[in-house]
Structures are given as structure tokens and as C-alpha cells.
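Open the model in your viewer and keep the selection panel at hand. We will go stop by stop.

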Amino acid sequence: MADLPQTSVALNCPHCGLKVGLMQALTSGSIVPATWQAAGHDHWWIGVCPSCRNGVLVHEISLPGVQPYTFYPAALLSPTDERIPPEIRRDLEEAKRCFSVQAYRACAVMARRAMQGACIEQGATQEKLVAQLHELAARHVITDSLKPWGDAVRWVGNDAAHPNGEDVAEEDAEDILSLAEQFMPVVYVASAIAKDIETKRHR
């Protein structure tokens, strides 16, 4: 009997965080993939991360215009650059995990926390985030073009954190998370790259 083709799906593993090609697990002692039909156009299968060897349950739907894959546990978003300080990176990664399980208010709160953590780490002394952002811009730690990014994260994060605030839609959470992710590399990664280049030039 010829080997049956296996589905491979690219994702950031929910267990180890690496971007991998998730492969269908084979039934024990068989070449048949561990998969089963649910109804109509959708079926389920078990995938294995080739890096950490942990399993992921995959719900696959074969219909045009429909998101084809849903993962349990949910797939992570893009990995966070390790040049971002650990505490801030942890907050940003938690925001991503919240988004991946559709906890959009929690995502916005953690994105705001990551932004404020970055301000404090960069030496801001004011109490409120808006004042911290203005302080860093005045000291040229961040550019004026970055300040509105932080303001946007602050607005939605405040709504998410307070009972009388507006609800946070998926699109809002995705936008805020994207802004926070772009803010951090500009503040941390770009300067790290610049220092590396300067070090190499003076060797």
C-alpha cells in the first residue's frame, strides 16, 4: 500500500512558538493519518510540531471564502524579537496569546501594558502613559511620528481596562497589537542593530 499524502500547514507553534510546517500525525502502527470527517466539508486531524513534537488539534474546512484552519491550542502570532527586554516581551507575547483566543479586551490591555513598560524602561518619569510618551518624544528617545502610535494603544487600552469603556472589536485589537509590535522594534531593535554596526566598524 502506498503512503498516503500528508497535509502540512505553516503556523507559529502554540507550544514552542517557532514557525513550523505542522504535519498530520499518523495513526499508531499505521501509515494512515489520524484524521476524521465531521460533516460535509469539514474534518479534524491531529498535527505534530516537527520542532517540539507536541500535538495540535486542527479543524479544517474546505469551503471557498472560509478560513480553512482553526487550531487548538490556538496558533501564536509572529514571534517577538528577543532584543526587546524580557518583561516587555512577555507582556507583548501575552497580548498575542489573548488575541489568538479572541480575548480582545485583554489583548488591548496587555498591548498598552507593554507600551507603558517600554516608556518606563526608556527612562520616563511621568505617571500616566500619555505624559510618558510626550516626555520621551521631548527627549528624542522616540520620534514625534511614534507618539501617535502610543496614543492609539493608550486609547483602546483604556477602554478595555475600564467597565464603562467601549468594547474592543477584533479589528481594533488587531490594529493595536500591530501598532505595539511596530513600536517596539523601532525603540529597541533598530538601536540594537545600529550598535552592532558601530561595534563592527570599530573592530
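Which residue follows helix 3 with a positive phi? Select His 140: its phi is positive, near 65°. Bear in mind that this is a predicted model.

**Stop 1: helix 1**

Select residues 86-100, which form helix 1. At 1.5 Å a residue, its 15 residues should span 21 Å, and the end C-alpha atoms are 21 Å apart, so expectation and model agree. Now colour the buried positions: Ile 88, Arg 89, Asp 91, Leu 92, Ala 95, Lys 96, Cys 98 and Phe 99. Step just past the helix to Gln 102, where phi is positive at about 65°.

**Stop 2: helix 2**

Move to residues 104-121, helix 2. Helix 2 counts 18 residues. From its first C-alpha to its last it reaches 26 Å, close to the 26 Å expected at 1.5 Å a residue. The buried set here is Tyr 104, Cys 107, Ala 108, Met 110, Ala 111, Arg 112, Ala 114, Met 115, Gln 116, Ala 118 and Cys 119. Gly 123, just after helix 2, has a positive phi of about 100°.

**Stop 3: helix 1 against helix 2**

Show both helices together. How do their axes cross? The angle is roughly 165°, and the axes of helix 1 and helix 2 come within 8 Å. Helix 1 is therefore roughly antiparallel to helix 2. The crossing is left-handed.

Display the side chains next. From helix 1, pick Ile 88, Asp 91, Leu 92, Glu 94, Ala 95, Cys 98 and Phe 99. They meet Tyr 104, Ala 106, Cys 107, Met 110, Ala 111, Arg 113, Ala 114, Gly 117, Ala 118 and Glu 121 of helix 2. Colour this contact by class and you get 12 nonpolar, 1 polar and 4 charged residues.

**Stop 4: helix 2 against helix 3**

Hide helix 1 and add helix 3, residues 129-138. Helix 2 and helix 3 pack at an angle of about 45°, with their axes 10 Å apart. That angle makes helix 2 oblique to helix 3. This crossing is left-handed.

Helix 2 brings Arg 112, Met 115, Gln 116, Cys 119 and Ile 120 to the contact. Helix 3 brings Leu 129, Gln 132, Leu 133 and Leu 136. By class, the residues divide into 6 nonpolar, 2 polar and 1 charged.

**Stop 5: inside helix 3**

Stay on helix 3 and select its buried residues: Leu 129, Gln 132, Leu 133, Glu 135, Leu 136 and Ala 137. Zoom in on Glu 135. Is Glu 135 buried or exposed? Its relative accessibility is 15%, so Glu 135 counts as buried, the cut-off being under 20%. Leaving out residues up to four places away in sequence, Glu 135 touches Gly 123, Ala 124, Thr 125 and Gln 126. Gly 123 is the residue with the positive phi just after helix 2.

**Stop 6: Asp 151**

Finish at Asp 151, in helix 4, residues 147-161. Asp 151 is buried, with a relative accessible area of 11%. Which residues does Asp 151 contact beyond its neighbours within four places in sequence? Select Val 130 and Leu 133. Draw a distance between the C-alpha atoms of Asp 151 and Leu 133: they are 18 residues apart along the chain and separated by 7.8 Å. Leu 133 also belongs to the contact of helix 3 with helix 2.

How values were computed: Residues numbered from 1 in each chain as written. Predicted model: local features only at pLDDT ≥ 70, side-chain atom pairs only at ≥ 80, totals over all residues. Heavy atoms only, no water. Helix = DSSP H or I, 4+ residues; strand = E, 2+ residues; numbered from the N terminus. Buried < 20%, exposed > 50% of the residue type's maximum accessible area, 1.4 Å probe, protein only. Contact = heavy atoms within 4.5 Å. Expected span 1.5 Å × (residues − 1). Axes fitted to C-alpha atoms, helices over the stretch in contact; angles between N-to-C directions. Parallel < 35°, antiparallel > 145°, perpendicular 65-115°, else oblique. Left-handed = near helix turned anticlockwise from the far one by under 90°. Nonpolar A, V, L, I, M, F, W, Y, C, P; charged D, E, K, R; others polar.
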